[in-house]
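Open your viewer and keep the selection box at hand. We will walk through one model, stop by stop.

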Amino acid sequence: MFEYKFVRVELSSFRRQPKEDYQTVVHEHAKEGWRLVQIFAPSIGGDGIAKYFELIFEKPTS
């Protein structure tokens, strides 16, 4: 069995760049035993561009 964690990374409204370094987020979670499974952009604004994306992590349950 696995447990899952969803981490939202907001995108700046003007440049559509991540507001935080997603690579750092992945490395920090990996140190805690989480494995990146997928990056998902669920929210599309009126302009057709995502407002954020989610990093989906998993790790075995203890």
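The tour starts with the whole chain, then visits the sheet, the helix, the salt bridges and a surface patch.

**Before you click**

This is a predicted model: local features need pLDDT of at least 70, side-chain atom pairs count only at pLDDT 80 or more, and totals for chains, interfaces and linings use all residues. Residues are numbered from 1 along each chain as its sequence is written, and side-chain values use heavy atoms, with hydrogens and water left out.

**Stop 1: the whole chain**

Select everything and show it as a cartoon. The protein chain has one helix and three strands. Helices (H or I, at least four residues) and strands (E, at least two) are DSSP runs, numbered from the N terminus. Follow the chain from the N terminus, and the elements run β-α-β-β. Along the principal axes, the C-alpha atoms fill a box of roughly 45 × 20 × 10 Å.

Now turn on the surface. The protein chain exposes about 4,600 Å², and carbon and sulfur atoms supply 52% of that area. Accessible areas come from the Shrake-Rupley method with a 1.4 Å probe; for residues, only the protein chains shown count as cover. How much of the chain is buried? Buried residues make up 24% of the 62 residues. Buried means under 20% relative accessible area, exposed over 50%, and partly exposed in between (1.4 Å probe, protein chains only).

**Stop 2: the sheet**

Select the three strands: β1 (residues 2–10), β2 (residues 35–40) and β3 (residues 52–60). They form an open sheet in the order β1-β3-β2, with antiparallel pairing. Two strands pair if DSSP finds at least two bridges between them. Strands of a sheet pair through backbone hydrogen bonds, either parallel or antiparallel.

Why does one side of β1 and of β2 have no neighbour in the sheet? Both strands stand at the edges with a single partner strand each, so one side of each is left free of a neighbour. Ignoring direction, neighbouring strands of this sheet are turned by 25° against each other on average. Here angles run from 0 to 180 degrees between N-to-C directions, and axes are lines fitted to C-alpha atoms, for helices over the stretch in contact.

Count the bridges next. β1 and β3 pair over nine bridges, while five bridges join β2 to β3. Select E58 in β3: E58 is the bridge partner of Y4 and also of R35. Then pick Q38, which stands opposite I56 in β3. Colour β3 by accessibility: seven of its nine residues are buried.

**Stop 3: the helix and L36**

Select helix α1 (residues 22–31). Helix α1 lies across β1, β2 and β3, and runs at about 15° to β3. Contact means heavy atoms within 4.5 Å.

Now select L36, in strand β2. L36 is partly exposed, with a relative accessible area of 32%. Which residues does L36 touch, leaving aside its neighbours within four places in sequence? The contacts are V26, L55, I56 and F57. Try a distance, too: from L36 to Q23, C-alpha to C-alpha, is 11 Å, across 13 residues of sequence.

**Stop 4: two salt bridges**

The structure holds two salt bridges. A salt bridge is a side-chain nitrogen of Lys or Arg within 4 Å of a carboxyl oxygen of Asp or Glu.

Show R8 and E10 as sticks. Their closest N and O atoms are 3.9 Å apart. R8 is partly exposed at 42% relative accessibility, and E10 is partly exposed at 32%.

Move on to R35 and E58. In this salt bridge the closest N and O atoms are 2.5 Å apart. The pair links distant parts of the chain, 23 residues apart, with R35 in β2 and E58 in β3. Is each one buried or partly exposed? R35 is partly exposed at 49%, whereas E58 is buried at 10%.

**Stop 5: a nonpolar patch**

Select F2, Y4, F6 and V37. They make a nonpolar surface patch of about 420 Å². Patches are made of residues with over 30% relative accessible area and no salt bridge: like charges are joined within 9 Å, nonpolar side chains (Val, Leu, Ile, Met, Phe, Trp, Tyr) within 5 Å. Strand β1 gives the most to this patch, with three residues. Finish on F6, in strand β1. F6 is exposed, with a relative accessible area of 52%.
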